Amino acid sequence: MLLHFTKMHGLGNDFMVVDLVTQRARIEAEEIRRLADRRFGIGFDQLLVVEPPRDPDMDFRYRIYNADGSEVENCGNGARCFARFVRDKRLTHKRQIRVETAGGPLVLDVHDDEQVSVDMGAPRFAPPSLPFEADEDRLRHTLEVDGETLEIAVASMGNPHAVIKVDSVDQAPVERLGPLVEHHPRFPKRVNVGFMQVVSSHEIRLRVFERGSGETLACGTGACAAVACGIRQGLLESPVTVHLPGGSLTIRWEGGERPLIMTGPAERVFDGRIPLR
Ligand SMILES: N[C@@H](CCC[C@H](N)C(=O)O)C(=O)O
């Protein structure tokens, strides 16, 4: 069969987006890895799938798969592209769209200038919420990696994040430490690893080594996790501009159980059709 898809990106974090409301298909993990390949396939960091909701209070079910074929709980840049996609494809005319994800519900707001804000819910810091093996909830934990002791903060945005504060993201050992922290045995479901440079109380630079996809040009949930950890530690104040290699996001968080609000762009690149095996 020929599968219709749209290639999109949010600040260079790129996606294949598939409508399974009007098409029928089963896309297995091996097929996702083939499609994600940048030489033999379409090439993307995540596959985003639009499905009918299971909960009648929701507009859609939003499913997310990493380039390695694993299904994950949340994707922030993907959420903005999801909102743009369902409107462009006339699956809805709503400007406020409610979606269910494996990590919980999200509310997506499309603005007049086509920027999208996402209510990402409240961050969770308790180690079992990632999960992360630690005796207690702390602002910072130590992690032994390859003979080095790292200081990390942890947060769940539905999906798990470790945040490492660095002096400069340009010199940060993202390629070396990223995979080691991602697969560290204290993170039984693996983890996304953010390297955060604090520029001022309202501005950070961030690089993220994503679980299941490697370093990406931007990570929305990673930006939210870094800002949440920074505010919790008293290093940052809302709103925070997050500069990622692919561009910038604005993150607002008033603390506690209040939700993080992420605002940024969502771009369509092209539409295509590809045979499934
Ligand atoms: N690119 C993302 C996050 C995608 C999922 C992540 N790699 C995971 O495994 O949790 C974003 O923009 O949030």
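This note goes through a predicted model of a protein chain with a ligand, point by point.

1. Overall make-up. The protein chain contains four helices and 18 strands, and its C-alpha trace extends over about 50 × 40 × 30 Å along the principal axes. For 277 residues, a compact globule would be expected to have a radius of gyration near 19 Å, and because the protein chain has 18 Å, the value agrees with that expectation.

2. Burial and contacts across the chain. Of the 277 residues in the protein chain, 44% are buried. When contacts between residues at least 6 apart in sequence are considered, 65% of them join residues at least 24 apart.

3. Two domains. The protein chain is divided into domain 1, covering residues 2-119, and domain 2, covering residues 127-264. Taken over C-alpha atoms, the centres of the two domains are separated by 23 Å. Domain 1 brings 25 residues to the contact between them, while domain 2 brings 24 residues.

4. The side of domain 1 that touches domain 2. Helix H2 and strand E8 (116-119) each supply at least two residues of this side, and H2 gives the most to it, with four residues. By class, the residues on this side of domain 1 comprise six nonpolar, 14 polar and five charged.

5. Where the ligand lies. Which domains give residues to the shell around the ligand? Both domain 1 (2-119) and domain 2 (127-264) do, and the ligand therefore lies between them. The reader who wishes to find the site in the structure can start from Asn77, Asn159, Arg211, Gly220 and Thr221, which come nearest among the 19 residues around the ligand.

6. What the shell is built from. Two elements give two or more residues to the shell around the ligand, namely helix H2 (76-88) and helix H4 (220-232). H2 gives the most, with three residues, and H2 is also the element that gives the most to the side of domain 1 that touches domain 2. Sorted by class, the shell holds three nonpolar, 13 polar and three charged residues.

7. Helix H4. The 13 residues of H4 should span 18 Å at 1.5 Å a residue, and because its end C-alpha atoms are 18 Å apart, the helix agrees with that expectation. H4 is mostly covered, with twelve of its 13 residues buried. Among the buried residues of H4 are Gly220 and Thr221, two residues that also belong to those coming nearest to the ligand; the buried residues of H4 further include Cys224, Val227, Cys229 and Ile231. After H4 comes Gly234, whose phi is positive, near 80°.

8. Asp14, a charged residue inside the fold. Is Asp14, which is found in strand E2 (residues 13-19), buried or exposed? Asp14 counts as buried because it has 27 C-beta neighbours inside 10 Å, where 20 or more are needed for a residue to be called buried. Leaving aside residues up to four places away in sequence, Asp14 touches Lys7, His9, Phe44 and Asp45. The C-alpha atoms of Asp14 and Leu217 are separated by 8.6 Å, although these two residues are 203 residues apart along the chain.

9. Points to keep in view. A reader new to this structure may wish to begin with the ligand, which lies between domain 1 and domain 2, and then to follow H2 and H4, the elements that give two or more residues to its shell.

Notes: Residues are numbered from 1 along each chain as its sequence is written. This is a predicted model: local features need pLDDT of at least 70, side-chain atom pairs count only at pLDDT 80 or more; totals for chains, interfaces and linings use all residues. A residue is near a molecule or strand if its C-beta atom, placed from the backbone, lies within 6 Å of it. Ala, Val, Leu, Ile, Met, Phe, Trp, Tyr, Cys and Pro count as nonpolar, Asp, Glu, Lys and Arg as charged, and the others, Gly among them, as polar. Domain bounds come from an automatic or database domain assignment. Two residues are in contact if their C-beta atoms, placed from the backbone, lie within 7 Å. The expected span of a helix is 1.5 Å times one less than its number of residues. The radius of gyration is taken over C-alpha atoms; the globule rule is 2.2 Å times the number of residues to the power 0.38.
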